[in-house]
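Notebook open, coffee poured. I want to go through this one piece by piece and jot down what I look up.

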Amino acid sequence: MDERMDPVRSFAVSSFGLEEERWREFVLEEDNQVVFNSFFHSPDYTNLFISQNAEHGLSVGLDFPQHVQTKVICVSRTSREAVTKDNVKKTSIIQEVHGADAKSFIIAVSEEVTCPLLSNPETSRSWAVGLAEEALRFMERQRNEALVMKAQIEGRTFLAHPDALHDDHLHGNAVHDNTEGRKLSDMKLLHACESTIMEWAELVSEFLQQDSSQPVLDGLDPLPSEEFNFWGIRLKNLHFIQQQLRSDRAQRVASIVQRAESVYWSTLTHIYTDVQEGLEEAQDVTLNLNPVQEKLEELERMEYQQLGDNMAAVMEEVRLVWTRSEFYCRPCRVVVLLQEICTLFIQMSRRFLRGGDVMGGLVSDPGPGLDDVRLVIWTLQTLKEAYSQSRAQLEQQKQDGDTQSWDFPSHLVFFHLDNFLLHLQSIQEVLCVSLQLHQLDSAVLSGVGGHVWTDVVQEMYQDFLSHVTVLSDCTCDPTDPDDQNIQLHLDQFWVQVSDLESRLVSVLSKAFEDGCASSSGEKLVKMFGFILDRPLIRDRLRPHLIRLEELVLEELDRTKLLFYSQRDESNTFSRFTPSAAAGLCWTQQLRLRAETSMNHYRTVQLYMDSGASELVLQRFQQIVDLLQDFRDQVRTGWCSQLDSDCGFILEQPLIQINQQGMLGVNCSRKLQVALRELRHVSMETDVELRPHAARLFTCRDDITESYLSLSHMVSCYEQVLSDVLPVELPLIKDQLQDLNQNLSELQRYTWSSEGVQQLVEQMREKVLLFHSTVSQARANMAAMTHIIQGWAELQLLQRSGNSLLEGGDTEESYRRLREEGQELLRLTQVNRSLYAAEDSSESWIRYLDHIDDKVQDGLFQLVFRSLHFLFDNMNPQSCSVFLAVCLQLQETGSVFEPSVGGGLSDLLQTIISDVYTAASLPQRISVSRHGNYQESLQQSPDLSALEQEVMHRLLQVREEAERLAAGLERYSYLWQSDRSGVMQEFLTYSRQLAPEELEAEETPPTLKDFQRELESLHNLSREVTHLDDVIVLHSWLQVDLRPFKDALLLVVRDWRHLYTEYLLDSVSDSLQQVTHHAGDDEESPSSSSFPLAESIILLEAAGVELPEHLSAQLQC
């Protein structure tokens, strides 16, 4: 690896973030080696450039890379000597620059490194003659080209200086060999300066001829920002040009041509003049355009909804530019500025409408999109209005001689804006029609065939949706007026809308023909009014709308005929309303009917223009006049009769007592009628009441309140008397007498008396207080009755599942009886306070006895229900078990548990006792009766008789259970016999001796005898196993035999065990004898009394397995 590359390698790897291997591959490429060697060995190359391309590949070159935006590594030589590994760090400078700053870098290297290096005599002392000067001129040209290019990129004009100026400066102090050489040098310098002035004149002239209207002339759509940038850049460039013209080198050029009296001196003078004038123009325009720029930038930051209110401010700023600027008050410049402003608002409008979103809501909801389009149209029209106002203001100022007006045609300004507005208006119409036709979705036609026509309309609506979906899915921008595709889609949409309108007209025509009244036609017009303003639909439906006018006239005529035919019939008016008021109400209904027909006509009139309107109004007015005359006649007769009735009512007493002694409100019916008529009068604004009616009408609110209070008071009073109990009447007798005495005072007052309202209110409060007291006491009595009735539902006894008896929620029932007994005592004390009764009074004692009877009756029902529960469940015809016992085998024999004698009897006696105990829990209510409720109930014949029936049924089932136990005594010998004695008899006599056999011949048993006994025991075991597990006696007592069976089977097993054990012992003895004599004589017979093989077979038949030690002996 070349050691000269080490500094470059370190810098490049760090700058580009390369791997060492990647750099090694890059350096070893043949083309790159040529470039590196050329730079290191040739003094003609002063710079080496390394860059990284878009594909992350490295490239190297001796010229600066073009179109590079990333960073570039530049290696510059500081001397012309060859670069070696020893001097590489001294003779080279490594820097990192960005591609965008390339020109600045070249300029900086030329000015700060190369040119000073070449200008230094010490550096070029060893060079050939003229080589340093030539290299310096080359670097100067390179620097100038870089400056020109950089200036062009920055939008500035660079005025290059002649190269001869540097030569003259380089040799300014040198002494020429002769005068002719000096003259030749001056002529070259003058020629170079003149050429430079020509270049300057061309550059300045070309720059000053630039105009901001050029983009418009080129057919582009520039924005106001481009106008502002143009003048801003123009001002900066003119300052830059002026700065260059005032530089030392430019002054030297001017001095040279002026001394030489060159013809280009005047050209240079014109350049100075033109630049100065252009600078003044640019300063003026920039100063006056700044407010417009600031205002537009402010508008761009606003919400679009705020733009319309600021259009006048924008136009005002433009007008001020026209009036204030010396150089901008030219029509061409203002037209361009206004066009650019229009373009800006067009772009802002399109951004606000969001392009494709305008049509995006056509299928779902066109409303928001339509609102946005309308806002844009209004905003842009506001801009045009603001322009018109500013133009009119300038016209006025022109007449005053202050300034010039805008006399250019307006269409030059708004050509593009008007096209955009026309395009938006077409989109607006599409959205409006879509919004209208969307209402077809909710259209429902009534009448004959209405359902069919509704389906047809819905089908048309679905077709419309499919067409709208195509337009909504269009990918082109609907806000672009230059897009022909959107126009094709819009044309196709209108064709489809026209077809839809034709189909819709056919349906509506049929619907109008089916309607026979103006109301149905009016409903159709209202329902489809959103499309009746469409020209095609309105023209084709005009005959039907005219027919609706005729129907309205017919209905008005029928209303008039109805008035004449029914005005004299008394049964015409409502029987629930006063006749006069009903007559007025009837006329009002007729008027409403006529007005309804008239409203139908007004609805239709909106969509047509015919000459029938005056005729319809005339017919309607005739009906109104007839009805008004009739109402005047009715009111006159009504006022006279009403005044007479009111006078009679005002003189009547407030209350009356009929023949049955019942209290009632006097003139109740007549008063209600009069008040109702007065209420109707209050609705009539043109009725004048006479004195009595006016007096009742004036105090109608007080009388109404008094009437309601009296009615309420009488109702409460009658309710107390009608529901009174015999035991309750003595308790409230005194209070009733006081009330009756007070109520008799009301009979002396009439409806016209003074202070009636206060007196009625006082009496009402007394009656209500009395009523409240009695009602609360009765509510307490009802609560006590409810509590007592609830006792009958208590569960003192209940079943467990579907079979056996269990105590119910006894403790819970006891707790409830105890607590509710306390609640009864509390409620009786509350009632005593309400009735204000003395504890020792006879009336209160009778009241307590009445409650006590209710309590005792409730407890009787509770006990009777519980006893009857026992009686019903102990019925032989019962279908389910009620009680249960089990039969067990003990040493003494079979025993019932619990005993069917004393055990069950004690259980039932305990249950019955617990039932009666419940009656003792509530405390006694009566103070005149002794003992608790349990003692009273135990004396009840009905309960005693029911208790005896229960015990009788228990006695019956006990007898049946004893018979069952006696039947099982046939097995008693199994547990009563002495098994060892019986076994001994069997071994002696081969059987069990009968009781009468005192002596018998000894006969040892054989295997057959053993077999007989084992089979007998086996059969006995099977017989016991087949006994019933459970037996139900009298359908309600369940006897469980399983304990008895299990114990008996154990006894049988013990008997079998005696015989099998004896046989096993016999087998064991036989095996021992066989084993003992096996060595002496294999044929020796067993000394056992039973054959060994037959014994084993008998044991296996009996289900007995040989022990392991015996099985082992058999195998040996």
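Which residue in S12 does Cys-886 stand opposite? I looked it up, and the partner is Asp-1040.

Ground rules before going on. I am working with a predicted model, where local features need pLDDT of at least 70, side-chain atom pairs count only at pLDDT 80 or more, and totals for chains, interfaces and linings use all residues. Residues are numbered from 1 along each chain as its sequence is written, and side-chain values use heavy atoms, with hydrogens and water left out.

**Strands around S9**

I followed S9 (residues 883–890) to S12 (residues 1037–1040) and found them running parallel, joined by four bridges. I take strands as paired if DSSP finds at least two bridges between them. S9 also pairs with S10 (residues 893–897), antiparallel this time, over five bridges. Gln-888 has Val-895 in S10 as its bridge partner. The connection from S9 to S10 is a hairpin through two residues.

**Whole chain**

I counted 41 helices and 12 strands; these are DSSP runs, helices being H or I of at least four residues and strands E of at least two, numbered from the N terminus. Of the 1116 residues, 44% are buried (under 20% relative accessible area, with exposed over 50% and partly exposed in between; 1.4 Å probe, protein chains only). I then checked contacts (heavy atoms within 4.5 Å): among those between residues at least 6 apart in sequence, 72% join residues at least 24 apart.

**Cores**

I looked for nonpolar cores, meaning sets of buried Ala, Val, Leu, Ile, Met, Phe, Trp, Tyr and Cys residues joined through side-chain atoms within 4.5 Å. The largest has 115 residues, and Trp-791, Val-855, Leu-870 and Tyr-971 touch the most other members. Helix H30 (residues 756–791) gives this core its largest share, 13 residues. I listed what Val-855 touches, leaving out residues up to four places away in sequence: Ile-788, Trp-791, Leu-824, Ile-925 and Tyr-933. Apart from this core lies another, of 96 residues, with Val-358, Leu-375, Ile-377 and Leu-504 among them.

**Aromatics**

I got 15 aromatic pairs. Rings of Phe, Tyr and Trp (its six-membered ring) pair if their centres lie within 6.5 Å; planes under 30 degrees apart are stacked, over 60 edge-to-face, and the rest tilted. Tyr-304 and Phe-352 are stacked, because their ring centres are 4.5 Å apart and their planes at 10 degrees. Tyr-304 sits in the loop between H13 (264–301) and H14 (311–324) and Phe-352 in H15 (residues 331–353), so the pair ties together parts 48 residues apart in sequence. Tyr-304 is buried at 6% relative accessible area, and Phe-352 counts as buried at 15%.

Next I checked Tyr-387 and Phe-414: centres 4.9 Å apart, planes at 80 degrees, so edge-to-face. This pair links H17 (residues 366–399), which holds Tyr-387, to H18 (residues 410–438), which holds Phe-414, 27 residues apart. Both residues, Tyr-387 and Phe-414, are buried. They belong to one aromatic cluster with Trp-322, Trp-406 and Phe-408.

**Charges over rings**

My cut-off here is NZ of Lys or CZ of Arg within 6 Å of the ring centre and within 35 degrees of the ring normal. Arg-391 has its charged end over the ring of Phe-408, 5.8 Å from the centre. Arg-234 lies over the face of Phe-207, 5.5 Å from the ring centre.
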